[in-house]
Amino acid sequence: MKHLVFTGSGLAALSLVTRLIDNGVADSHLITLIDKDRKENNDRTWCFWEKQEGYFENVVYRKWKQLDFF
Ligand SMILES: Cc1cc2nc3c(=O)[nH]c(=O)nc-3n(C[C@H](O)[C@H](O)[C@H](O)COP(=O)(O)OP(=O)(O)OC[C@H]3O[C@@H](n4cnc5c(N)ncnc54)[C@H](O)[C@@H]3O)c2cc1C
């Protein structure tokens with residue numbers, strides 16, 4: 001079994017690992033995430049815009065249909 005090691009479990013690593021799990025890669029690989037932070041707090045809140053439901057729809061916490069810039 002191959003071993004994939006990610007240094008840093010931030011957005012990039014977690015996005016990739018989520019897709020590796022969804023694509024079945026995790027079934028044949030051991031995946032290890034190493035981070036210097038214990039990640040016990042919610043240290044990031046990501047906002048983004050999209051035209052239709054996206055990959056992370058199931059973890060979306062809030063949505064707005066309109067955004068005004070002043
Ligand atoms: C407060 C805040 C709000 C943000 N809001 C948005 C937003 O609304 N929308 C948006 O698109 N972007 C937002 N960003 C930017 C977004 O967070 C970054 O673009 C994104 O996180 C970068 O992903 P990354 O995986 O490269 O780095 P990160 O997500 O920062 O992950 C890097 C990880 O590596 C770990 N690490 C660092 N050094 C080491 C080491 N030596 N050994 C082990 N682990 C290590 C860190 O602890 C961290 O967990 C925000 C950033 C901040 C700080």
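Helices (H or I, at least four residues) and strands (E, at least two) are taken here as DSSP runs, numbered from the N terminus. On this basis the secondary structure of the protein chain amounts to one helix and two strands, and the order of these elements from the N terminus on is β-α-β. Because the radius of gyration of the protein chain (taken over C-alpha atoms) is 16 Å, well over the 11 Å given for 70 residues by the globule rule, the chain is more spread out than a compact globule; that rule is 2.2 Å times the number of residues to the power 0.38. The model is a predicted one, in which local features need pLDDT of at least 70 and side-chain atom pairs count only at pLDDT 80 or more, while totals for chains, interfaces and linings use all residues. Residues are numbered from 1 along each chain as its sequence is written.

Along its principal axes, the C-alpha trace of the protein chain spans about 50 × 25 × 15 Å. A residue is called buried if 20 or more other C-beta atoms, placed from the backbone, lie within 10 Å of its own, exposed if 12 or fewer do, and partly exposed in between; buried residues make up 0% of the 70 residues in the protein chain.

Helix α1 comprises the 12 residues 11-22, which at 1.5 Å a residue should span 16 Å, and its end C-alpha atoms are indeed 16 Å apart, the expected span being 1.5 Å times one less than the number of residues. D22 has its place in this helix and is exposed, because 10 other C-beta atoms lie within 10 Å. Between D22 and W49 there is a separation of 27 residues in sequence and of 23 Å in space, C-alpha to C-alpha. Just after α1, G24 adopts a positive phi of about 85°.

A second positive phi is that of K39, about 55°, although K39 is not a glycine. Most residues other than glycine have a negative phi. K39 is found in the segment that follows β2 (29-34), and K39 counts as exposed because it has 11 C-beta neighbours inside 10 Å.

The ligand is surrounded by 15 residues, of which the closest are G8, G10, L11, A12 and C47; a residue is near a molecule if its C-beta atom, placed from the backbone, lies within 6 Å of it. The largest share of this shell, three residues, comes from α1. By character, the shell residues divide into seven nonpolar (Ala, Val, Leu, Ile, Met, Phe, Trp, Tyr, Cys and Pro), four charged (Asp, Glu, Lys and Arg) and four polar (the others, Gly among them).
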